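Biologist: I would like a close look at one part of this structure, starting from a single strand and following it outwards. Please keep the links between the parts in view as you go.

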Amino acid sequence: MSDPQIKPPQPPAEPRRLLAAVPNLDSPELFINRELSWLKFNERVLEEALDEGNPLLERINFLSIFFSNLDEFFMVRVSGLRRQMEAGVLEAPPDGMTPSEQLAAIHSEVIPAVEAALACWRDDLLPRLAKVGVRLLTYDDLKGKQRKLLRKHFKKEIFPVLTPLAFDPGHPFPHISNLSINLAVIVRDPDHGERFACLKVPQSFPRLIRLPDEEKADTFEQLGLSEIKAANFIWLEEVVAENLDLLFPGLEVINSFPFRVTRDADFEIEEDEASDLLQTIAEVVGQRHFGSTVRLEIEGGMSKRVSATLTENLGLAPFQLYSGPGPIGLTDLSQLAEVDLPDHKFPPFQPAQHPGLGHEEDLFATLRRRSFLLFHPYDSFKPVIQMLRQAAHDPKVLAIKQTLYRVGSNSPVVQALMEARQNGKQVSVLVELKARFDEENNIVWAKALEEAGVHVVYGVLGLKTHAKICMVVRAEAHGIRRYIHFSTGNYNPTTARVYTDLGFFSTDRRLAADVSDLFNGLTGYSRKSHYRKLLVAPGEMRQDLLRRIEREIESHQDRGGGRIIFKMNSLVDKRCIQALYRAAKAGVEIDLLVRGICCLRPGLPGLSESITVSSIVGRFLEHSRLYYFANGGEEEVLLGSADLMPRNLDGRVEALTPIQEPYLIAAIRDDILARHLADTSHARVLQSDGSYHRVEPKPGEPPFDSQAVLLAEGGGWRADE
């Protein structure tokens, strides 16, 4: 198909007018439940595992992500609903569903999705793996020598780590840690009859054990998965189950059953009562293994007596029990995705070097001439690292200020910041310790930065700092100049290869002044809510966006051509949704690219017929946030870290920056937004009933894969600059 484009707004001859009254925009029927919408997103991830057009090992990785996502959903969202129900919370979300109604609906939605995922694994992916030389065996499949070697391996490596825990009047029911694989074991004592015990399968070993070849191996090879081209594997819990006689000598092992528990991992932190936030968060992270139980997963062969024992002692209701054919805990399939079978993975790629960056030693000289936009992973993340490294060693640089949310391990960003401090620069870093499930990693980096002499701030009291901003302050011939970088994603070179995110370099003085004010508020005290150019939450960001939507309505009513395009991860905020409904009612054309949760119902007759909502789930995780307004021909684009969710607009420090350069606006409009809207390969369109339909290419046309096109073009994705 021809390269898609969004034409700059042109007013029609007869603009549409707002003719009818807007209906009651508080009606629950106008909103999709956020939890059910999230489950639909995860089902789109599952569709990628089901898609035979994806390489085999990538399909397995998508399946692993589906289960990993579901684990986090239960740990955070389902546990929160359970707490609401137990506390008797009466306030309902915009869709009107009570906590108990949501939990029932979640249960009904999850069961068939998990069944489909397990069937995909059992009936499709497993046989395909066997055809390429990777087999998952059971003990019945093993030959004599392999069994002997496994027994020897078990005795030497695994047995010393295991701790069987009895359950009887003298032994209380043991604690079952979060997301661990366990065995419920039934043994018979000659004197006391049947006994019950629990055994945790150690998480210090790989879940999948690679088996030695029968013909040539005498020991287990210590090979990394990246070196394995074909192999046989067996589940660790099956090895443990087959050697239980060594753990219960003198007793008859009758049976054993795998099970897995999911616990509440969403803890509230009383920041105003914490004398040491870093220590408090470290303690809270350690409590995740002890949160209340929200889900019990078992395999279908477990006896009713054993499942009843587990359910009763874990304090669970029947609907919290999830039973399937197994295996449980398929998050661990990610281990197989690392096997060295390049023909069954996405082709490797090399991010392009921006043609205007990286060819001069002095990056600051380049940035003084103009602003730049990077689109990761299609563009390399190296210029961001280059700016920090150059700043660390440039004698003219006076200070560096940066926010860090999820930086990953072995971070070159953190290393550059520490080098800058060692070279006498003033370095201030806000490390958000409350970034869920990255707390431990962020604590390590916060301590390392402090030890290097960096001024570290842990966040703003009562808020999460989610804004991604870096500023370098430099003394130059004509005075102080500030170089700023905004990002829609984290300062993490690893995720910059798998997430689609935008980075924006600028030296705009008014924008730089806003960034200075924002950093002063983050490291000190400030009640500033209005900025020169930035839109900042939790100040006036929501109201600023609402004003722009109303401006688009007025412009469209005056001269037509109203157009709104938003690209984000989630759309949940009620007031923003209501404003979009008003705009659609007025005839404004609205395209929403929402990768995850969307609570707005498109296509409602007389209300949202001019709204389309699409979601792309593909090789790269769509993560960028863009807000485009046609604005009567004076187009406006905002870029930043914020989704339209109450948590972003009210509970986080967020920032959106305007993109004012015409060549960058054109690039965003024509080379990013238009291409994503034209996707017929991995896009699904939201229906008014909350379901999603896959977008199909027109007859005779090949599928248009926006990610593949951008990847193939490398650094040539931009409009003419």
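**A strand and its surroundings**

Modeller: Ile-186 has Phe-196 of S4 as its bridge partner. That pair is a handy way into strand S3, and please keep in mind that this is a predicted model. Eight bridges hold S3 and strand S4 (residues 193-200) in an antiparallel pairing. The two strands make a hairpin, with three residues between them.

S3 has a second partner, S7. Here too the pairing is antiparallel, and it runs over eight bridges. If you want a place to click, try Asn-182, whose bridge partner in S7 is Phe-259.

Is S3 mostly covered or mostly open? It is mostly covered, with eight of its nine residues buried. Arg-188 has a relative accessibility of 35% and therefore counts as partly exposed, since the buried class ends at 20% and the exposed class begins over 50%. Side chains of opposite charge can pair when their charged atoms come close. Arg-188 does this with Glu-252, forming a salt bridge in which the closest N and O atoms are 2.9 Å apart. Arg-188 belongs to strand S3 (residues 181-189) and Glu-252 to strand S7, so the salt bridge links distant parts of the chain, 64 residues apart. Glu-252 is likewise partly exposed, at 44% relative accessibility. S3 and S7 are thus joined by backbone pairing as well as by this salt bridge.

Now follow S7 to its far end. A loop runs from strand S7 (252-263) to helix H6 (277-286), and Asp-264 sits in it. The side chain of Asp-264 meets that of Arg-83 in a salt bridge of 2.4 Å, N to O. Arg-83 comes from helix H2 (residues 56-87), so this contact ties together parts that lie 181 residues apart in sequence. The two ends differ in their cover: Asp-264 is buried, at a relative accessible area of 6%, whereas Arg-83 is partly exposed, at 30%.

H2 leads us to the interior. In soluble globular proteins, nonpolar side chains tend to be buried together. In this model the largest nonpolar core has 90 residues, and those with the most contacts inside it are Trp-121, Leu-336, Phe-566, Leu-571, Leu-592 and Leu-600. The largest share of that core, 12 residues, is supplied by H2. For a view from inside, centre on Leu-600: beyond residues up to four places away in sequence, Leu-600 touches partners including Ile-32, Ile-577, Tyr-581, Val-613 and Leu-686. Another core lies apart from this one; it has 42 residues, among them Ala-467, Leu-534, Leu-626 and Ala-655.

There is also a small sheet to visit. Its three strands follow the order S1-S6-S5, with mixed pairing, and the sheet is open. Strand S1 (134-136) and strand S5 (208-211) are the edges; each has a single partner strand, so one side of each has no neighbour in the sheet. On average, neighbouring strands here are turned by 30° against each other, direction ignored. S5 pairs with strand S6 (residues 231-235) in the antiparallel sense over four bridges, and Leu-211 stands opposite Asn-232 in S6. Helix H3 (residues 99-131) lies across S1 and S6, running at about 135° to S1.

Charged pairs also turn up elsewhere. In the whole structure, a search finds 46 salt bridges. One of the others joins Asp-650 to Arg-542, with 2.9 Å between the closest N and O atoms. Asp-650 is in helix H15 (residues 646-650) and Arg-542 in helix H13 (residues 541-559), so parts 108 residues apart in sequence are tied together. Asp-650 is partly exposed at 42%, while Arg-542 is buried at 12%. In addition, Glu-47, Glu-48, Asp-51, Arg-684 and Arg-694 form one network through salt bridges that share partners.

How far does the model's confidence reach? The mean pLDDT of the protein is 89, and 89% of its residues reach 70 or more. Residues 9-21, however, stay under 50, and the model gives them 27 contacts beyond four places in sequence. Residues 222-226 are also below 50, with nine contacts beyond near neighbours in sequence.

Definitions and conventions
Residues numbered from 1 in each chain as written. Predicted model: local features only at pLDDT ≥ 70, side-chain atom pairs only at ≥ 80, totals over all residues. Heavy atoms only, no water. Salt bridge = Lys/Arg side-chain N within 4 Å of Asp/Glu carboxyl O. Buried < 20%, exposed > 50% of the residue type's maximum accessible area, 1.4 Å probe, protein only. pLDDT = per-residue confidence, 0-100. Contact = heavy atoms within 4.5 Å. Core = buried A, V, L, I, M, F, W, Y, C linked by side-chain atoms within 4.5 Å. Pairing = 2+ DSSP bridges. Axes fitted to C-alpha atoms, helices over the stretch in contact; angles between N-to-C directions.
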